[in-house]
Amino acid sequence: MPVVKLSLFLGKGGVGKTTVSSAYAVAHASRNPRLRFALLSSDPAHSLGDIFEEQYQFSDEFRPVRLPYGGSLRVAQIDAAKGLSDFLAEHRPELLDLLQQGTLFDRQDLEPLLDSALPGMAEIAALLRLNDLLASREFDEIIVDTAPMGHTLRLLELPQTFLHFLDFLELAGSRDQVLAATFGGSGRIRGKFVAQWRENITRLLQELSSSASQIVMVSSPEQFSLREVERSISVLGAMQPALAVTSFVLNRVPKGGVCSRCNSVAAMAARVEARLLRLLPDSKVRVGQDDGAPIMGAAQLKAFGDEVFYGKRRRAAATVPRTPMPEFHRSAWPLLKGEIGFSIGKGGVGKTTMAAAVGFHTAEEHPQLMVSVCSADPAPSLAEVFAKPMGEARVPVAGRENLLACELNAQQEFRRWANPLQARIEHAFHTERRGLHVELAFEKDLFASILDIVPPGVDELFAVLRIADLAAGKKEERLIVDMAPTGHALELLRTPARMLAWSRLLMKSLAPHRKLPLAQEIAVEIASVSQRVRTLEELLSASQVWMVMLAEPLPDRESSRLQSDLDALGLSPGAVFMNRILVRESACLRCRRARAWQAKSLAGWQRRPGQRIYIVPEFPSEIVGAARLKRFTRSILEWH
């Protein structure tokens with residue numbers, strides 16, 4: 001059987017994973033015309049259609065891309081809802097059978113619960129799609145453009161979680177056998193589904209860790225990005241089986257020259273490259289040059305891929321837009337006026353910095369307020385911005401007692417919720433161990449088993465609950481939430497409504513079993529969760545939303561889609577931060593080229609009526625600590 005190569009491109013949001021993975025796919029397909037290549041996006045905020053300059057957005061079905069120098073490349077973007085729907089359509093009878101045998105729910109209870117849309121679908125759909133592709137042997141190499149780091153790590157942990165879920169289903173399927181052994185009769189076990197999927201997931205784990213596969217870590221010449229790489233290598237190494245990064249791409253590296261900014265970034269790139277080689281001495285660090293122009297279309301992607309992966313020198317883009325830069329005027333940094341605000345945008349655009357800056361400025365201007373900045377990103381960098389270690393407990397930052405910050409740990413939040421529930425379930429069955437209560441004791445074991453599994457989507461679910469708790473404070477408190485990157489941020493904002501719908505379904509399912517202690521315990525917990533989510537829904541309706549973006553073609557297009565999605569949720573951004581704008585002319589060719597593309601993006605931006613556009617000038621260094629935050633919040637412009 002032919003070996004399928006699996007190439008995963010990982011990295012923090014904004015480092016250029018989509019560009020690098022697409023360039024790799026085009027360059028390799030062009031140089032190996034007899035091989036079949038697949039490029040798959042697992043990011044819920046897809047942008048492959050943008051980078052290939054296709055007139056349509058790629059769908060869940062693979063479509064061929066026409067390459068200028070030949071080769072076979074097919075491209076698809078995972079549709080999470082469709083992927084999960086297809087899986088349920090194929091396996092619904094077996095799943096319902098197993099769950100019905102193993103729980104107090106009947107088939108009518110379980111049907112709507114299976115159909116309810118909950119977070120984590122993107123990762124589940126990606127896992128299922130990878131499994132199908134590897135099994136089909138349709139391609140010689142599968143290249144995956146992954147979601148930003150936090151959610152990609154969740155995807156890579158998912159096979160192990162899925163195995164735990166199969167253990168639960170196997171236990172559920174043995175219920176009739178346990179009862180038959182106790183009371184007589186014959187039990188039935190439906191193990192075909194579980195056995196088949198245990199084999200599938202074991203094979204996928206072997207493929208991920210095999211020498212035929214590669215994990216390429218993409219970084220940029222920034223401390224934030226480097227720290228994310230260091231954390232990710234540690235997490236990957238601790239997985240079962242351990243996953244190893246095989247090479248790095250250090251992207252967005254300018255050439256040194258007359259420009260102090262480019263010289264500073266180039267010097268930082270040299271330090272980052274040296275650090276990457278110390279982290280993994282046997283790995284290779286490839287460099288992606290930044291000439292100030294976007295890389296879009298198959299021809300440019302091939303030239304970039306040839307440069308990065310084959311060492312072939314690339315010419316700088318010849319065409320430069322001639323759009324004049326708009327005029328701006330000085331403005332004051334915005335404040336959080338209501339109880340809760342959200343900083344949202346594509347990965348790497350500066351969401352965390354903007355959330356920290358708004359919080360810092362609000363706390364400075366209104367010392368009577370208690371301001372909290374909270375990160376809901378599973379790969380947070382709030383600690384780096386405030387230059388202070390932090391976790392889920394709020395701590396004072398930036399030398400101010402009225403400014404607190406925290407980084408949510410969704411898995412710890414889940415365990416904090418699940419552990420007491422497990423204890424209550426144990427207590428509820430403690431007095432039911434005698435007599436005819438073997439069936440109930442089996443139910444207890446099943447629920448304890450399912451609570452041991454950290455479910456996919458826990459990031460969104462328990463981030464929502466924690467935000468609800470933090471936001472339910474006094475009137476003199478304010479909360480700013482630094483969101484996950486675009487696709488998963490939208491999932492979080494949709495979660496309250498989904499959780500309420502799901503809890504109603506669960507409560508309805510529990511009604512026939514309300515005399516059982518277990519059902520009563522779960523009903524109380526579900527009611528409590530529902531109340532917390534309703535509180536957050538009320539706050540969301542009056543929240544402030546700041547959208548953060550870069551004035552570049554790819555982030556620009558994704559931001560336009562994000563703005564439409566927020567409008568549909570009734571959360572239209574009242575302000576937009578256009579970050580890292582090169583306001584002044586420069587003698588540097590790279591900076592002049594980048595500035596020209598920024599001017600073109602700004603000219604085409606369609607703002608909403610009443611929306612304020614803040615222009616945030618390029619800052620000479622990474623914004624770390626109170627002193628730089630203070631300087632940062634003193635320089636902002638506004639665009640009429």
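In this predicted model, helix α1 (residues 17-31) and helix α11 (residues 298-310) cross at roughly 90°. Their axes come within 7 Å. The crossing angle therefore makes α1 roughly perpendicular to α11. The contact draws on many residues of both helices. On the α1 side, the contributors include Thr 19, Val 20, Ala 23, Tyr 24, Ala 27 and His 28. Ser 30 and Arg 31 of α1 also take part. On the α11 side, the partners include Ala 298, Leu 301, Lys 302 and Phe 304. Gly 305, Asp 306, Phe 309 and Tyr 310 of α11 are likewise among them.

These two helices belong to a chain with 21 helices and 18 strands. The chain has 640 residues, of which 56% count as buried. Contacts between residues at least 6 apart in sequence were also examined. Of these, 78% join residues at least 24 apart.

Strand β7 (residues 247-253) includes Ser 247. Ser 247 counts as buried because its relative accessibility is 5%, below the 20% cut-off. Two sequence stretches supply its contacts, leaving aside residues up to four places away in sequence. Ser 247 touches Gln 214, Ile 215, Val 216 and Met 217. Ser 247 also touches Ser 283, Lys 284 and Arg 286.

A buried acidic residue is found at Asp 556. Asp 556 is located in helix α19 (residues 553-568). Asp 556 has no salt bridge. The nearest side chain of opposite charge belongs to Arg 557, 7.1 Å away, whereas a salt bridge requires a separation within 4 Å. Asp 556 does touch Met 549, Leu 550, Ser 601 and Trp 605, with residues up to four places away in sequence not counted.

Cysteine pairing was examined next. The structure holds zero disulfides. Cys 259 is in no disulfide, and the nearest cysteine sulfur, that of Cys 591, is 3.6 Å away. Cys 259 is buried, with a relative accessible area of 10%. A second cysteine, Cys 374, has a relative accessible area of 0% and is therefore buried. The closest cysteine sulfur to that of Cys 374 is in Cys 406, at 3.8 Å. This distance is too far for a bond, because a disulfide requires the two sulfur atoms to be within 2.5 Å.

Terms used
Residues numbered from 1 in each chain as written. Predicted model: local features only at pLDDT ≥ 70, side-chain atom pairs only at ≥ 80, totals over all residues. Heavy atoms only, no water. Buried < 20%, exposed > 50% of the residue type's maximum accessible area, 1.4 Å probe, protein only. Helix = DSSP H or I, 4+ residues; strand = E, 2+ residues; numbered from the N terminus. Lys, Arg positive; Asp, Glu negative; His and termini not counted. Contact = heavy atoms within 4.5 Å. Axes fitted to C-alpha atoms, helices over the stretch in contact; angles between N-to-C directions. Parallel < 35°, antiparallel > 145°, perpendicular 65-115°, else oblique.
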